[in-house]
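Biologist: I am new to this one. Please show me the model, and then I will ask about its parts.

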Amino acid sequence: MRRTEASWLTPAAAAASARCHAVHVRLPEDADAELMGRTLDEAVGAWWSDDAAGGRPRLWHERIPVARAAGGDRIRAETTRALHPRDGVFRAVLLEFADGQAELVLVAHRDRLDAQSLHLVADVLTGRTRYAEIRPVEPHDRGEAREETLREWRAAESAAQLDWAVGEGGAGDRTGRVTVELRIGSADLAARLAVAAAVVIARLEGLDRPLLGVLRNWWDRPAGALGAFDTGTLLALDLSGAVDVAGLLARAREALAGRGCRCGAGQYADLGLGAGGGVAVGVLDGTGDELPYAGGHRYTACQTAPFPLTVVPGRTASGAPQVTVHHRLREVDKESAERFARYIAFVHEQLSSTAGQLAPGGLGLLDADETRRTVELGVPEQPLDWMPQRIDAVFAARAAERPDAVAVGFEGQTLTYAELEERAARCAAALRDGGVGAGERVGVCLERSLDLVVAMLAVLKADCVYVPMDPAYPAERLAYTAQDAGLRAVVTTLDSFPGTAGMWCVRPEELEAWRDHLGRAPEKVKPERSPEEAAYVIYTSGSTGRPKGVVVPHRNVVALLAATKDDFGLGPDDTWTLFHSCAFDFSVWEVWGALLTGARLVVVPFWVSRSPEEFHALLLTERVTVLNQTPSAFAQMMDADRRSEGRLAVRLVVFGGEALDVRPLRAWFDRYPEHRCRMVNMFGITETTVHVTSQTVTRREALSGSRSVGAALPGWYLYVLDEQQRPVACGAPGEIYVGGEGLALEYLGRPDLTGERFVPDPFNGGRMYRSGDRGRILPDGRLEHLGRLDSQVKVRGFRIELDEIRAVLLEAPDVTAAVVVVAGAETGDAAQARVTAYVVLGGDADETEPVRLHAQGVLPSYMVPASVVAVPALPLTANGKLDRRKLAEHAAVPAPSTPAATPGSPGGEPGEPADLAAFLAEVWETLLGVPVGPDDNFFLLGGNSLLAVRLAAVMRERGMPPLPLRELYLHPTVTRLAEVLGSGRA
């Protein structure tokens, strides 16, 4: 959120104590209370008229029945008690203790008396100064900010979220106080502390241009003046690296000198106050122990913090420099405030001991001890107890233990563990007899079936590496994968797989009958490659325009099961589903998670996976106990479950693939209490073997809207690092790095990219993976995932590099420039998230459909832009970056909306439409937000699997004919779908 200079100048209602400050002075034993009272009376008469606002102040005299040494609480209570309207201009209290010692306490409102005025009043009452030497002065206008300052304010980032701290909901206006002594002093202490505070809040919030509030005395304050001379301003500092430390200090000194600032004439500026939020960090300068006449005075700069975090420079009783952080407890807890103060002290030390030419990025936030503690947060306390093995060897052990148990089922067909072991071994021998050597890569391009599972296991038993491919992918993408992977063979049912010369294409049934072809039984393969060598290669989207292969060894999958088996209670009594495409790494967890723990695996037919009702029915029939889902898919299934009378047998739901909004799960907990069904949110990456963290989601997390993805699995560990690969502060955002057992071997044939993303681990040795994901580590070691740092996105669980789509578009005829964005994701509705491309066409070209068709021939369906919009030129900001706001003005597709589930249809009663095609067109237009013609394709208009489910729901709610989703995929136009539904053939 950005704020202009006008935002903070608007007065805001706030607690009076946030504007009050106090002084207390220890008096000599012979202090004369009556004389002090007369002095005050005479001074007030000289300074203010009797009708002054608030009435005439007086001296309150109280006797305390304890010694001064035991009266600290009473003094603190008086200095922190807000000024009451009846107290007048200020409140003066003389506390006389039983041992004859006394304290004078003065409390005033900054709108009437600034800090120096308050000290002057104390000096008059204690006899240091004659009241005649002091005169009230009305502050005059103190100037306007220069245009350069205004520009800095407008460009800065304010209203920090303080997500790294924990507030106390019922704390009210209570303020905490943390003081840290500084090792190095300086003449410009306040300026250095202001820069240090800016650096700290910028790192904690992930900002480049933080905005600080500053409150200080007017730089040209008249000597001996009595009045309100505080000035409030905003300090914007550019920490992007464009300005070095010396420049930042110069800017801070200028702001703290009161020059070039817009000042609130005679009033305390409410920079940090107001229910609408404000600047999170402020600096109070020139108001405390550094004042030249303040000897013996104890000054309280604020009764309650005017900013959530208020930084006050000062000195200890011995004169050493210190920094005090006043923190509003409702926003910042004590532990977080202590860390904030420590960070400021450490950065201040660097500012005072390094060259001014240092860039802000060179300033560290954590000292050596804090760095070590922060690194340890991402390392699980429980080590991983396991032994590296090959996947096929672990499966063989399960088959030997329970040979007659069902291993896998599909549409009524089943294979026991012994049958699956025997068929896979036979196919493995056939692959080797067919000329495939150990360690060579074999493609598996099959529809979901028993043959798919047999082929995957067979490739491993042949001591080879399987490369899963979705047969629905375009031929060009399949050909690229086959060539890039150097496939020696591919097991497929496609009639014409787009392979390369010398590649062997074989059907599953041909492998099964291979021994008949040889005229003898094939010899059983004895794998020789170790668990450290590759088991599979999965291709993920690549920013260069082509997918990249991630090479994962056997040991990683076995380690993943060892890390989760006991915690999740995985075993032979479970039934899992294979719901996802084999080309999506979630399927690695589904297939081997089931088969390596002795469970039963149910392969979900493609069309069933696209219909929440049919999938829910399958879960009921098969009594599935372990369900793995992307949040988008689970939301549709959960809706189907609400409409069903049957209760599922699911005991464990594992979420992955995309960010999870936990709030909608409250409805699930109503039907399936936590003790019956455990919900687990897991963050993971293909390059780190499916999963990295685990967070059990309870009703408590659902109610709080937690974004935690949990702590690292045993054997894995996490770091959140800055651009220089230093640990960021606890709670601060940075890039997520992953180390430990799950790291892939490499990107196939991409040594440069491998070296860039798999880097040395300076903390625990070995390697760590740069994820490109943004996150933060919480004090308990859990991770919050905050999205991507680059152009990679997740759309309905699919990992997409927008730059890959852009590269493909630039290869299309007539396209001279292109940019790709995800539109609709900001609504929080996964169904509305869609890939949108903007292209600049050269020559006389003005049609975008050829561009889209080109993309459709190269990219898988989930990456094809829902719309391609032609623009005259890509709009740029003043600094040459893409102007997304202006780009959106060209959008041809308005944000879709959910049609109201009201009965009725055009021209007819519910269930009896006068024109089914017209009704379909109306609903499509509402869902997709675009005009729909009779021959327009639902999916080419921007429809997706989630919107297809929504369409079926709307039709059901309006009493229309049931819509099997298979029919929508087979007949995706209004005319064809209406014909099928109207004829009753659906």
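Biologist: How many residues of helix α17 are buried?

Modeller: First, this is a predicted model: local features need pLDDT of at least 70, side-chain atom pairs count only at pLDDT 80 or more, and totals for chains, interfaces and linings use all residues. Residues are numbered from 1 along each chain as its sequence is written, and side-chain values use heavy atoms, with hydrogens and water left out. Buried means under 20% relative accessible area, exposed over 50%, partly exposed in between (1.4 Å probe, protein chains only). Helix α17 spans residues 586–595 and is largely enclosed by the rest of the structure, because the buried count is 10 of the 10.

Biologist: How are helices and strands defined, and which residues of α9 are buried?

Modeller: They are DSSP runs, numbered from the N terminus: helices are H or I with at least four residues, strands are E with at least two. Helix α9 covers residues 368–377, and its buried residues are E370, T374 and V375. Seen down the axis, these fall within an arc of 135 degrees, so they line one face of the helix. The arc is that of the directions from the helix axis to the C-beta atoms.

Biologist: What covers the buried residues of α9?

Modeller: Contact here means heavy atoms within 4.5 Å. The cover includes α8 (334–351) and β29 (716–721).

Biologist: How many disulfides are there?

Modeller: The rule asks for a pair of cysteine sulfur atoms within 2.5 Å. Take C445, which is buried at 0% relative accessibility. Its closest cysteine sulfur is in C582, 7.5 Å away, too far for a bond. The count of disulfides is 0.

Biologist: Which strands stand at the edges of the open sheet of 5 strands?

Modeller: Two strands pair if DSSP finds at least two bridges between them. The order is β2-β3-β4-β1-β11, with mixed pairing. Each edge strand has a single partner, so one side of each is left without a neighbour in the sheet: these are β2 (59–64) and β11 (297–300).

Biologist: Which helix packs on that sheet?

Modeller: Axes are lines fitted to C-alpha atoms, for helices over the stretch in contact, and angles run from 0 to 180 degrees between N-to-C directions. The helix touches β1 (20–27), β2, β3 and β4 (102–109), and its direction makes about 160 degrees with that of β2. It is α2, residues 33–47.

Biologist: Which residue of β3 is the bridge partner of I64?

Modeller: β2 and β3 (residues 90–97) pair in the parallel sense over 6 bridges. The partner of I64 is F97.
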